[in-house]
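Open the model in a viewer and keep the sequence panel in sight. The stops below are given as selections, each followed by what is found there.

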Amino acid sequence: MISRILSVALLAIVSIASAQTTRPAGPTRISIDLNDVPLAEAMKTISAETGVAFQMSTSSPRSGAQAAKDIRVTLKADNQPLSRVVADFLVQAKCSVAPYREYGGLAISPGAPLSVIPLNDNITLLVQSVVVEGYANLGRGEPTKQYNYTIQCAAIFDPSMRALGASQSANITELNIAVPRSRNQYGSSSQIDQVDGRRFAVLLTSLRFGTAERVTNIEKLVASWRVLCATEDVKVALEAADLINGGENGDERLTISVPPAGNDQRNGVQFSLRGSLLERFKNSPWESIWGTGAVRIDGIDGGPLEGVNANPQGIRGKDITFRIFDNRGGQRNLAEEIDRIQVVLPTKARYIEVPIVLTDLKMP
Amino acid sequence: MKLRMIVLCMFSLLPALALAEVKTEIVPAAQLERQGEAAQLAKPVKLSLTDTSPTDAVAAFVKETGIALTFDNAERQASGPVITYDVAIDAATLDDALDQLGQALRLGIYRQSEKAFRISPNYDVGFNERRNNFGQDMEGGTKARITGIRTMRIAGQTTNSPGQEFTVSIVVAARDVMLTGQPEVKLIEAIDEQGRKLEQAKPSSTMFFGGSNLQRLRSTLSVSLQLSRPEPDPAQIKSLKGEVVLKNVKSFSKTTVTELDKQVEITLDGVKLTVGPLAKSGDAWRLPVKTPPGKPEARGNMYQRLNFLFNESAQATGEAGERLRINSGGSSSSPEGDEMFLQFFSDGSNRPASTQPATQPATRPARPDGIKPVKVTWSVPNEVEVISIPFEAANLIVP
């Protein structure tokens, strides 16, 4: 028996067709009970319960497909933070994770994380690998050695964080190891990938430092990680009667509209977006923005309508038309099932500093 | 011991075509010109902005300093939510100011030319002078020296290679070598402290020049040697011997085409090419260059590196005698041959409109498009020598 409790709204609290600054709320809480189910089935269940898209990584399709059949998952959670449930699932599934960029979700691949560190109720960190590059400097003068350590991490975010991107590495502020840290900084990078309106359930970062001698254990590491979160959104939505009779909502920045519903809804329901804000998102991957929090389609029970996708049918200047369809190819009368279509685009964002603390971590 | 062998590229000794608008001559490699290093500007800069976007901050900086500072991907800055920053700059020199700007925006900046800079999240944060090792100590003639050994160890899931080799870094000093092709590192013998023989694991790779086909070596050249790593790890390489093999261009065949309004045939690197006629397309002048029909392998090196037509080996001159930059204006391939269009821009603003700076100082003149080239010159290797540079070392520590 699976039940779901959403303790907060998945999306930020902003009024329809308005923009306002909000603080992160959360966490989203999940209850789940999986008993020895195949990985593929577990992924579907977790995805349905959390609203986060999952897929096996395509970087190693053969091992991924085999893992989906072979690995079995047992997982129990009672009203736990979403990020922690997802992290526990990955540990159980012996899988690592990377952003599933097309849908803002999670791409998983075989390879158990080395450790799991809940940073707070909204973010859980997985240490996924450690790479040690050793270098002997044999140039002029006495030979010297340098070891550069890269600890690769993935962080699972609660949707309320509205995470748009993050720096590729975190800034280490404290490091307790048996040998001195190298004077030669092996520092942090603040680069982030493209910010295009998609929100991410997982982002990667690395912790990097250098030493003059090899280290086998980290007693304690403290770091600060820059994560970019939306601080202001524009949200537009249409509900119930407007979806049947046709209607529109919004302002000059962003307007959503639907034509009157026809008799035949087998080809799905259409809605369109227009407005000056779309100019800033003209390079966004609209074909895969579904599932990222930017477009949400609710059923009459108030929750996300299952088994539907919204794909762009045409982009003409500042107008984009989407078709909502049954992604299982069924013949559903979606006009009757859909109670609300909502589009949220971030208009302002700001970096937050996320503290990371690792203790007693073995080095290869 | 140094082994030198002269290889003459007979195909490039073909006589100049008997056309008035095509002239071919043989010139020593040392005569090829290079652009000088950019001079450093010194100017105090003060700027204070709060809750500002990177685009606005860069525009204010450009207005204050008069330099050209260009986003590598300006479109990206104009998309998505506006990320805001507080920027405070108080610097005695432009270099310091650029560094402070880069740090404030968490972006990297590098110098494109004396007064033109580029900014992007893809560089190290702050102001990075374009790193090169020109000017390093080149005394002592041609030699190779082992400078380091690199290893990699991995725990957990990663896309990196398993790290079953270690890499020996070698620096080659060879003054005034005009390098063509890929340097090669050959292992003669490697023995570890346990008496085990280490094998060459992979073909050698060049770390400095990458895919460049032709480069004046005024500095050291970094190459590497991959060795297999036996279990357990060796602590030392007791003895290591090998050689680095370079190809040095002694002279070039320089082909100059004038009267570009006509279609002419030239031979570059053994391949006949049809050049011209020059035509105007929009704001830019375009010059078509066609390879002959036939299978790609029959078209010689030109097919492999059509970029050669507009890289450092190509020079164009405008009507007023000014030097023009040449860019690719597109290419196509078919059984009838390959065709590449060359586009001409004034030196310093050579990029097409799509990559023009988003922000420019108000005093900067408009981009002088439409400058007509009157002469194009290509220089291709003529006489090539093979240089073998030995290296040898003992008791090397393995990290």
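This is a predicted model. Begin in chain B by selecting strand 4, residues 68-71. B:Ala68 and B:Thr70 point one way from this strand, B:Leu69 and B:Phe71 point the other way, and all are buried.

Which strand does strand 4 of chain B run parallel to? Add strand 8 of chain B, residues 116-120, to the selection: the two strands run parallel and are joined by 4 bridges. To check the register, show B:Phe71 and B:Ile119, which are bridge partners.

Now zoom out to the whole of chain B. Its secondary structure consists of 4 helices and 25 strands. The chain has 399 residues, and 33% of them count as buried. Of its contacts between residues at least 6 apart in sequence, 70% join residues at least 24 apart.

Switch to chain A, which has 5 helices and 20 strands. Here 43% of the 364 residues are buried. Among contacts in chain A with a separation of 6 or more, 71% are between residues 24 or more positions apart.

**Helix 1 of chain A**

Select residues 39-50 of chain A, which form helix 1. Its 12 residues should span 16 Å at 1.5 Å a residue, and the end C-alpha atoms are 16 Å apart, so the expected span and the model agree. Next, colour the buried residues of this helix: A:Leu39, A:Ala42, A:Met43, A:Ile46, A:Glu49 and A:Thr50. They lie on the same side of helix 1 of chain A because they cover an arc of only 135° around the axis. Step on to A:Gly51, which follows the helix and has a positive phi, near 80°.

**A three-stranded sheet in chain A**

Select strands 3, 6 and 5 of chain A, which form an open sheet in the order 3-6-5 with mixed pairing. Strand 3 (54-56) and strand 5 (95-100) are the edge strands, each pairing on one side only. From one strand to the next, the twist averages 30°.

Within this sheet, isolate strand 3 and strand 6 of chain A, the latter at residues 105-110. The two run parallel, with 3 bridges between them. One pair to display is A:Phe54 with its bridge partner in strand 6, A:Leu106.

**Where the chains meet**

Show both chains together and select the residues in contact across them. How many residues does each chain put into the contact? Chain A gives 41 residues and chain B gives 32. On the side of chain A that touches chain B, strand 8 (123-137), strand 9 (144-157), strand 13 (217-239) and strand 20 (338-362) each supply at least two residues. Strand 8 of chain A supplies the largest share of that side, 10 residues. Colour the side of chain A that touches chain B by residue type: 18 of its residues are nonpolar, 16 are polar and 7 are charged.

For the last stop, keep strand 20 of chain A and select strand 5 of chain B, residues 82-83. These two strands pair across the chains in the parallel sense, over 2 bridges. Label A:Ala349 and B:Ile83, since the latter is the bridge partner of the former in strand 5 of chain B.

Terms used. Residues numbered from 1 in each chain as written. Chains lettered and ligands numbered in written order. Predicted model: local features only at pLDDT ≥ 70, side-chain atom pairs only at ≥ 80, totals over all residues. Buried ≥ 20, exposed ≤ 12 C-beta atoms within 10 Å, placed from the backbone. Pairing = 2+ DSSP bridges. Contact = placed C-beta atoms within 7 Å. Nonpolar A, V, L, I, M, F, W, Y, C, P; charged D, E, K, R; others polar. Axes fitted to C-alpha atoms, helices over the stretch in contact; angles between N-to-C directions. Expected span 1.5 Å × (residues − 1). Arc of directions from axis to C-beta.
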